[in-house]
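This report covers helix packing and the surroundings of a ligand. The sequence and structure come first.

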Amino acid sequence: MANLICTETKEVYNTEVPRWKSDTGALLDLSITPFFDLEKIKSRAKCLWRYREALPIENEKNILSVDEGFTPLLELAFDNRKVLIKQEQLFSSGSYKDRGASVLMSKVKELGIKKVVQDSSGNAGCAIAMYSAMANIDCDIYVPANTSDAKLAQMKMYGANIHKIKGSREDTASAALEAARHHYYASHCRNPYFFQGTKTFAYEVCEQLNWNAPDSVVLPAGNGTLLIGCYIGFKDLLQAGIISKMPKLIAVQSENCAPLYHAFNKNENDISDIETQPTIAEGIAIAKPVRAKQMLQMVRETNGLFITVTEGEIISSVRLCGQMGFYIEPTSAATIGGLRKYLTQSNDEIIVSLFSGHGLKATEKIMKLI
Ligand SMILES: *Cc1c(COP(=O)(O)O)cnc(C)c1O
């Protein structure tokens, strides 16, 4: 059985009534006791639903799946150091957001919800729109007016209703919050079911390492959809006695928009207002991540750290990955830039990182680099 828990008051809600925030308006976490039968898992299709006893869907008939997940974990060398890179650019909609969307939209279907709202500057919107299309659920997506045409085209093809909002990324979030007063908010940063999907990244990494945890995992950090998911996933396996330690979570931000990096290094528990500059890594350009406190606490607890990357380092990593045969979007290259920095300050560790999104998402941006 799963419960929803208020992150502020710890009040507990059941999961049968649709809700995405607490009565006081605070964020919710999902509490679930995951179960892992390693033999059964091994016998199933190579997709994230092989861990279904650890996922919060009651009835299998509600699962929305295209056999997503179980992406390859390739050994690659960066600057002559071997690392393991998970191929998260290979999902149907072009980014790892499909993990969260598959689980969240399956729950939406299970709850009998007919319409969702979401706000996104790109990939999360694409993933939610894709699974909404599969389930015939109405989907309204609020996007900043400057969202790239490629991502808008993709959302529209999936049949989503697009609402372009002028102003900042925060203005878009406010417009979606307003709409969410009347409709279910399938938010990738607020809705706890999304993180129940992204946690499967950690499950897969450990299974691919014969049920061992790596020493560190280098992850992007904007809203933390993967960072928080990873923490939950590794914690589940630790508590089940399957792995024996938590890996260090190494979180990468763009130097031009690094609220968490600054709070972390000032030893603060929450972010403060910071000045930001535009960055080519638009996907992680989040000045006010709503789950900042959780992200800071999780990185600290694992003895991890925050790293920032410059625009130059991001661009050089887009190019380097291309030369190695991997076409990734600039947001994705920011993580690789951070990984390369981390390699200069670590020794014989088993390090896992990822390509988070496909290069075809960002043709216009990449054209400008050529
Ligand atoms: C969503 C996303 C990220 C990570 O962003 P968060 O805001 O931390 O969830 C990184 N790369 C790509 C391609 C993404 O779509």
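## Helices α11 and α12

In this predicted model, helix α11 (residues 311–324) packs on helix α12 (residues 330–343) with the axes 8 Å apart and an angle of about 100° between them. Angles of 65 to 115 degrees count as roughly perpendicular, and α11 and α12 are therefore roughly perpendicular to each other.

From α11, the contact uses Glu313, Ile314, Ser316, Ser317, Val318, Leu320 and Cys321. Their counterparts in α12 are Pro330, Ala333, Ala334, Ile336, Gly337, Arg340 and Lys341. By residue type, the contact of α11 with α12 holds 8 nonpolar, 3 polar and 3 charged residues.

## Helices α2 and α3

The axes of helix α2 (residues 97–110) and helix α3 (residues 123–135) come within 9 Å of each other and cross at roughly 40°. Because of that angle, α2 is oblique to α3. The crossing of α2 and α3 is right-handed.

On the α2 side, the contact is made by Lys97, Asp98, Ala101, Ser102, Leu104 and Met105. On the α3 side, the residues are Asn123, Ala124, Ala127, Ile128, Met130, Tyr131 and Ser132. The contact of α2 with α3 divides into 8 nonpolar, 3 polar and 2 charged residues.

## Around the ligand

Two residues of the α2–α3 contact, Lys97 and Asn123, also belong to the ligand's surroundings. There are 15 residues around the ligand, and Lys97, Asn123, Asn223, Thr225 and Ser356 come nearest.

Oxygen atoms of the ligand pair with both side-chain and backbone atoms of the protein. In the side chain of Asn123, an N or O atom is 2.7 Å from a ligand oxygen atom. For Gly222, a backbone N or O atom lies 2.8 Å from an oxygen atom of the ligand. For Asn223, a polar backbone atom is 2.5 Å from a ligand oxygen atom.

## Helices α8 and α10

Thr225, one of the residues that come nearest to the ligand, has the number at which helix α8 (residues 225–239) begins. Helix α8 packs against helix α10 (residues 292–301) at an angle of about 50°, and their axes are 10 Å apart. That angle makes α8 oblique to α10. The crossing of α8 and α10 is left-handed.

In α8, Leu227, Ile228, Tyr231 and Lys235 take part in the contact. They meet Gln294, Met295, Gln297, Met298, Val299 and Glu301 of α10. The residues of the contact of α8 with α10 comprise 6 nonpolar, 2 polar and 2 charged.

How values were computed:
Residues are numbered from 1 along each chain as its sequence is written. This is a predicted model: local features need pLDDT of at least 70, side-chain atom pairs count only at pLDDT 80 or more; totals for chains, interfaces and linings use all residues. Side-chain values use heavy atoms; hydrogens and water are left out. Axes are lines fitted to C-alpha atoms, for helices over the stretch in contact, and angles run from 0 to 180 degrees between N-to-C directions. Helices (H or I, at least four residues) and strands (E, at least two) are DSSP runs, numbered from the N terminus. Angles under 35 degrees count as roughly parallel, over 145 as roughly antiparallel, 65 to 115 as roughly perpendicular and the rest as oblique. A crossing is left-handed if the near helix is turned anticlockwise from the far one by less than a right angle, and right-handed if clockwise. Contact means heavy atoms within 4.5 Å. Ala, Val, Leu, Ile, Met, Phe, Trp, Tyr, Cys and Pro count as nonpolar, Asp, Glu, Lys and Arg as charged, and the others, Gly among them, as polar. A residue is near a molecule or strand if one of its heavy atoms lies within 4 Å of it. A polar contact is a pair of N or O atoms within 3.5 Å; within protein, one must be able to donate a hydrogen and the other to accept it, and residues adjacent in sequence count only if both atoms are side-chain atoms.
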